[in-house]
Amino acid sequence: MRASRAAVALAVVGLAGAASAGQAAINAELGQRAGNATLGGVVNNLGGSLVVLVGLLVLPSMRTGLVALRRSGLPWWSYLGGLG
């Protein structure tokens, strides 16, 4: 049972890597079709934000991790890494 969890985790990571690599091409195509590259990027990022929001609402483990992160005592500037 443990090996199947590891296989699923590796598959998810692999798919996420492929999706991340394709994101630039998708943003470019969306920007071209919308006629505005900035609008394409905004739509793409709003979609990703909605996925994270749904995950926070549906998965208790995400909420637990968020609470642990807030209680960790990290300085405010350490969260700026997410902007990258």
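Okay, one definition before we start: a residue counts as exposed when its relative accessible area is over 50%, as buried when that area is under 20%, and as partly exposed in between. Gly82 comes out at 69% relative accessibility, so Gly82 counts as exposed. Keep in mind that what you're looking at is a predicted model.

Where is Gly82, then? It sits in the segment after α3. If you want to place it against something, take Pro60: the two are 22 residues apart in sequence, and their C-alpha atoms are 22 Å apart in space.

Let's go back to the beginning of the chain and look at helix α1, which covers residues 2–34. I'd like to show you a pair of residues there, Glu29 and Arg33. They're four residues apart, about one turn of the helix. Their side chains meet in a salt bridge, with 2.6 Å from N to O. How many salt bridges does the count come to? The count comes to one. As for how open these two partners are, Glu29 has a relative accessible area of 35%, so it's partly exposed. Arg33 is at 71%, and therefore counts as exposed.

Glu29 also gives us a handle on what comes later in the chain. Gly40 is 11 residues away from Glu29 along the chain, and their C-alpha atoms are separated by 8.0 Å.

Gly40 comes up again with another residue of α1, Asn27. Leaving out residues up to four places away in sequence, Asn27 touches Gly40, Gly41 and Asn44. Take Asn44 from that list: it's 17 residues from Asn27 in sequence, yet the C-alpha to C-alpha distance is 6.8 Å. Is Asn27 buried or partly exposed? Its relative accessible area is 22%, so Asn27 is partly exposed.

Now for the other two helices. Helix α2 runs over residues 37–58, and helix α3 over residues 60–71. When two helices pack, people describe them by the angle between their axes and the distance between the axes. Here the axes come within 5 Å and cross at roughly 100 degrees. Angles of 65 to 115 degrees count as roughly perpendicular, so that's what we call α2 and α3.

Which residues make that contact? On the α2 side, we have Val52, Gly55, Leu56, Leu57 and Val58. From α3, there are Pro60, Met62, Arg63 and Leu66. Yes, that's the Pro60 we used as a reference for Gly82. Sort the residues of this contact by type and you get seven nonpolar, one polar and one charged.

Last item, and this one comes from a record. UniProt, in an unreviewed entry, places a "transmembrane region" at residues 48–69. What does the model show over residues 48–69? The chain there is 95% helix and 0% strand. From one end of that stretch to the other, the C-alpha atoms are 20 Å apart.

That's my tour, thanks for listening!

Definitions and conventions. Residues numbered from 1 in each chain as written. Predicted model: local features only at pLDDT ≥ 70, side-chain atom pairs only at ≥ 80, totals over all residues. Heavy atoms only, no water. Axes fitted to C-alpha atoms, helices over the stretch in contact; angles between N-to-C directions. Parallel < 35°, antiparallel > 145°, perpendicular 65-115°, else oblique. Contact = heavy atoms within 4.5 Å. Nonpolar A, V, L, I, M, F, W, Y, C, P; charged D, E, K, R; others polar. Salt bridge = Lys/Arg side-chain N within 4 Å of Asp/Glu carboxyl O. Buried < 20%, exposed > 50% of the residue type's maximum accessible area, 1.4 Å probe, protein only. UniProt positions renumbered as here; feature names shortened; annotations may be inferred.
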